[in-house]
Amino acid sequence: MDFKESTFIYILALGIVVFVAGQSMFFLLKAWKQGKKLGITSGTMRNTITQSAIFTIAPAISIVATVITLAYSLGIVLPWLRMLVIGNITYEATAAEAALNAMGGNLSQPVEDKSVFAAAAWVMTIGSAFPLILVPILLKKIQKKIGQAVQMNQKWADVMSAAAFIGLISAFISRAVAGAGDEAVIGDGAGVLSLSALLVSIGLMLILQTVCNKFKVKWLEPFAMPLSMLGAMGAAMLLAQILPESIAFLEWRG
Amino acid sequence: MKSYSDKVHTWGRIWSVSALCALLSVPLLICVHMDVWPPMSGILKGLASVIPLYWTTSIAEVISYSPMLGAGGMYLSFVTGNIANLKLPCALSAMETAKVRPNTEEGEVITTISIASSSIATTLIITAGVLIFTPILPKITAPGSVFAPAFQQILPALFGAIGAGYFIKHWKISIVPIAAGILTLCFLPSLAVGPLIFVTVVSSLLGAHIMFKTKIV
């Protein structure tokens, strides 16, 4: 049996699956109980669960794709396991490649040496573990400061809260408009497809929001965002098929 | 009696330390079980090329995400990962739909429920995906596949939907961070999303503060 996919490695991975699911269930139940105390309706909380689960499908599939990409070299279990705890699509591939390069290998060939495999596991783990030290130390202090600022001036705090929200989203909007992709990959940088996906998604969301508000279609509300996102992804797929290749895959930043 | 917020910090710290131990035990147990100990020089060389960027990014992420995700959401997100591409948009859209604001008790509850549900769904989908779709998924997501353009545009599609309502409602505040993001990318087109978020969030907060003081918003 391939050492990268031995029973032992599968047991390790299952242990991590149980840990992550257990932690999520713990916080979900505590938040649900607190929500009840605050008077948030069960319907609203159930909607949040449904919407979040639907929202997760497409990004999670792209995470599975990353796991499978890394699997050629590292086997299926280690990338799967890494994606479950502090996993990050861009980080894991970079860290694995850095570790393999340091040991004289790369991601385009299967790892046959146990020592190289273990080195990749160490680099991928230590490189990503820092937030688990930072968050417990810094979070309470940061949130205390935010809480004090909110109490001092509610209107100012509302504006700043909207600004922080918009600031976060703007990073991704900017990348769709002006960010470069991987030079070896066609269609991942800012270009016709990214801009089209962005505009279709904004357009669909505004239409669905109007429908929800104007015709009071309550049930549609939690689906508006996932539907807009999937619609925009479908539009990108369609444009790639019907437009000439030179236009559809045009990327102005490479 | 401890407040809910204090309790969340206590639980979060315990879970984070446990996650750190669980995480580090994986490579350690691999080494013990296989009886191999890779050379320290190889590990350090690999770490030297990832730590400067990712540890700096982690600091920026912790600072930028904490006003939005709430305490429970932060502790959960930083254990389960995939924040920028999944947990963050999920929590933001949940707050938008539930009509609650960040930094409120209701916002804290909704972000925690959203991120916990998303984490469970991700765990199930990745696990099922790994077990079931291993043979076919590379064909779906391969560069030449009909579906590839859809998967490449997940992020613009996600954030367009989340931002739509906000950009219309707060168009004045939106101009500064979008301009700052685009301008930064004009000079550093390959800048990773972590540092870029730091730039857009800081410029957005500064811009909004000035607009508030000058009564533009």
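In this short talk I will go through the interface between two chains and then a nonpolar patch on the surface of one of them.

Please keep in mind throughout that what you see above is a predicted model.

Let me begin with the place where chain B and chain A meet, a contact to which chain B brings 143 residues and chain A brings 140 residues. Together the two chains bury about 13,000 Å², and 79% of that area lies on carbon and sulfur atoms. Turning to the polar side of the interface, there are 17 residue pairs in polar contact across it, counting pairs in which both residues have pLDDT 80 or more. As for salt bridges, the count between chain B and chain A is 1, and the partners are Lys140(A) and Asp6(B), whose closest N and O atoms are 3.3 Å apart. If you look for the element of chain B that gives the most to the side touching chain A, you will find helix 2 of chain B, with 27 residues.

Now to the surface, where Ile59(B), Ile63(B), Phe198(B), Val202(B) and Leu206(B) make a nonpolar patch of about 400 Å². Two elements of chain B give two or more residues each to this patch, namely helix 2, which runs over 40–80, and helix 9, which runs over 193–213. Helix 9 of chain B supplies the largest share, 3 residues.

Why can Val202(B), which is found in helix 9 of chain B, count as part of such a patch? Val202(B) is partly exposed, with a relative accessible area of 35%, and it therefore passes the requirement of over 30% that applies to patch residues.

Note on methods. Residues numbered from 1 in each chain as written. Chains lettered and ligands numbered in written order. Predicted model: local features only at pLDDT ≥ 70, side-chain atom pairs only at ≥ 80, totals over all residues. Heavy atoms only, no water. Patch = residues over 30% accessible without salt bridge, like charges linked within 9 Å, V, L, I, M, F, W, Y side chains within 5 Å. Areas by Shrake-Rupley, 256 points an atom, 1.4 Å probe, with all protein chains shown as cover. Salt bridge = Lys/Arg side-chain N within 4 Å of Asp/Glu carboxyl O. Helix = DSSP H or I, 4+ residues; strand = E, 2+ residues; numbered from the N terminus. Buried < 20%, exposed > 50% of the residue type's maximum accessible area, 1.4 Å probe, protein only. Contact = heavy atoms within 4.5 Å. Buried area = accessible area lost by both parts, 1.4 Å probe. Polar contact = N/O pair within 3.5 Å; in protein donor to acceptor, adjacent residues only side chain to side chain.
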